[in-house]
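Here's a quick tour of one protein chain, with an eye on where its charged side chains end up. Have the coordinates open as you read.

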Amino acid sequence: MAKFWVCAAGAGLFLACLILHSRFCGSPVLRNFAFQVSWRTEEILYRLDVDWPEYSEYFTGATFGVAVDSLNGLVYVAQRGDNIPKVLVFTEDGCFLRAWNYTVDTPHGIFAASTLHEQSVWITDVGSGSYGHTIKKYNSFGDLVQVLGTPGKKGTGLNPLQFDNPAELYVEDTGDMYIVDGDGGLNNRLIKLSQDFMMLWLHGENGTEPAKFNIPHSVTLDSAGRVWVADRGNKRIQVFDKDTGEWLGAWTNCFTEEGPSSVRFTLDGKYLIVAQLNLSRLLFVAAPPAGSIGDCSVISTIQLADQVLPHLLDVSGKTGAIFVAEIGAKQILLKYDLFKEMHPEHLF
């Protein structure tokens, strides 16, 4: 019996050392497993899919954005670089389908907004060329369908609508869209447009007060009708009512080290996933119930390798997998799969 407890204690010590080494030293030993350090008693387990995509050679530039079209099983990747295709299209399983480069200057955010009758993808273009400072809608094969903004001309105007470095957008099933305009440009604003592109409400100018922004970088919605904005330069997330635009509150306590770069909810809506670019980290934050914002409460983290630099992310509406566009060392797309059953044997 004594030998049993000695062995058990030794195994526990080895396990603890291995996890700490992976956490603080960037060891690849646990890179296939997620994980990580839980800040509360609840665990959220993901693992890196090292086989996605089938061939990483297709990534020839820096991957700035990713969008998952779960309805059609597609993943769109926006990359930057000279003389390369700006958009890559994969299946969710990682099979490469096609690439295109039409009328895309410098992509930043990308969002798949397909319906049963139409496959479409929206791209925010922050380039300074003839296609820049616009938000454009394409079909799955790269044919241009719609242009918002004045191509090649930045501005602050509302009629006609102009952009300056539009960072990202989120499109509802109704066609209403939410745009964060101002990745370091003239504008720092959140805009809601109707399905026929009429202005419904607007917040924004540079500042630290409620409903003001400093580099609004990402936007998403929850099932309770709230709009969540990654106010990166102010190191906070601001929350608004999607119908009225009313400011509901802000989270600051989780972002003292670095502001949020990207925001998306998990498939079940229980957690907000937040990317922190320079910390190379993903946070899983408890989503508050309807009618309350409260304080930010980190449940778990995924610490990526140094210099991975997660820029924007998206979540599969079918599997819950997380796709992360990283602009750091490897400049590829990372996929994290959700463990459907959380048993101890999954860890090793």
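Is Lys-212 buried, partly exposed or exposed? With a relative accessible area of 22%, Lys-212 is partly exposed. Keep in mind that this is a predicted model.

**The overall picture**

The protein's secondary structure is mostly a matter of strands: there are 24 of them, plus one helix. Of the 348 residues, 54% are buried. The accessible surface adds up to about 15500 Å², and carbon and sulfur atoms account for 54% of that. As for contacts between residues at least 6 apart in sequence, 45% join residues that are at least 24 apart.

The UniProt entry, which is unreviewed, annotates residues 204–243 as "repeat: NHL". In the model, that stretch is 45% strand and 0% helix, with its end C-alpha atoms 17 Å apart.

**Salt bridges**

Side chains of opposite charge can pair when their charged atoms come close. The count here comes to 15 salt bridges. Three of the pairs are set out below.

| Pair | Closest N to O distance |
|---|---|
| Glu-172 and Lys-242 | 2.8 Å |
| Glu-205 and Lys-212 | 3.7 Å |
| Lys-335 and Asp-337 | 3.4 Å |

Take Glu-172 and Lys-242, which form a salt bridge. Glu-172 sits in the loop between strand 10 and strand 11 (177–181), while Lys-242 is in the loop between strand 16 (236–241) and strand 17 (247–251), so the pair ties together parts that are 70 residues apart in sequence. Glu-172 counts as buried at 15% relative accessibility, whereas Lys-242 is partly exposed at 21%.

Lys-212's partner is Glu-205, and Glu-205 counts as partly exposed too, at 46% relative accessibility. Lys-335 and Asp-337, on the other hand, are both buried. Those two also belong to a network of salt bridges that links them with Asp-49.

**Arg-226, tucked into a strand**

Arg-226 is in strand 15, which covers residues 226–231. Its relative accessible area is 6%, so Arg-226 counts as buried. What does its side chain find there? The side chain of Arg-226 makes a polar contact of 2.7 Å with the side chain of Asp-222. It also reaches the backbone oxygen of Pro-289 at 3.0 Å. Leaving out residues up to four places away in sequence, Arg-226 touches a run of others, including Pro-288, Pro-289, Ala-290, Gly-291, Ser-292 and Ile-293. Val-239, Phe-240 and Leu-248 are also among them.

There's a link back to the salt bridges here: the C-alpha atoms of Arg-226 and Lys-242 are separated by 5.3 Å, though the two are 16 residues apart along the chain.

**Asp-164, charged but unpaired**

Asp-164 lies in the loop between strand 9 (144–148) and strand 10 (166–171). Which side chain of opposite charge is nearest to Asp-164, and how far away is it? That's Lys-154, at 4.7 Å; Asp-164 is buried yet has no salt bridge.

Asp-164 does have polar partners. Its side chain shares a polar contact of 3.4 Å with the side chain of His-133, and it reaches the backbone nitrogen of Leu-186 at 2.4 Å. Beyond its neighbours within four places in sequence, Asp-164 is in contact with residues including Gly-155, Asp-181, Gly-182, Asp-183, Gly-185 and Asn-187.

Key
Residues numbered from 1 in each chain as written. Predicted model: local features only at pLDDT ≥ 70, side-chain atom pairs only at ≥ 80, totals over all residues. Heavy atoms only, no water. Helix = DSSP H or I, 4+ residues; strand = E, 2+ residues; numbered from the N terminus. Buried < 20%, exposed > 50% of the residue type's maximum accessible area, 1.4 Å probe, protein only. Contact = heavy atoms within 4.5 Å. Areas by Shrake-Rupley, 256 points an atom, 1.4 Å probe, with all protein chains shown as cover. UniProt positions renumbered as here; feature names shortened; annotations may be inferred. Lys, Arg positive; Asp, Glu negative; His and termini not counted. Salt bridge = Lys/Arg side-chain N within 4 Å of Asp/Glu carboxyl O. Polar contact = N/O pair within 3.5 Å; in protein donor to acceptor, adjacent residues only side chain to side chain.
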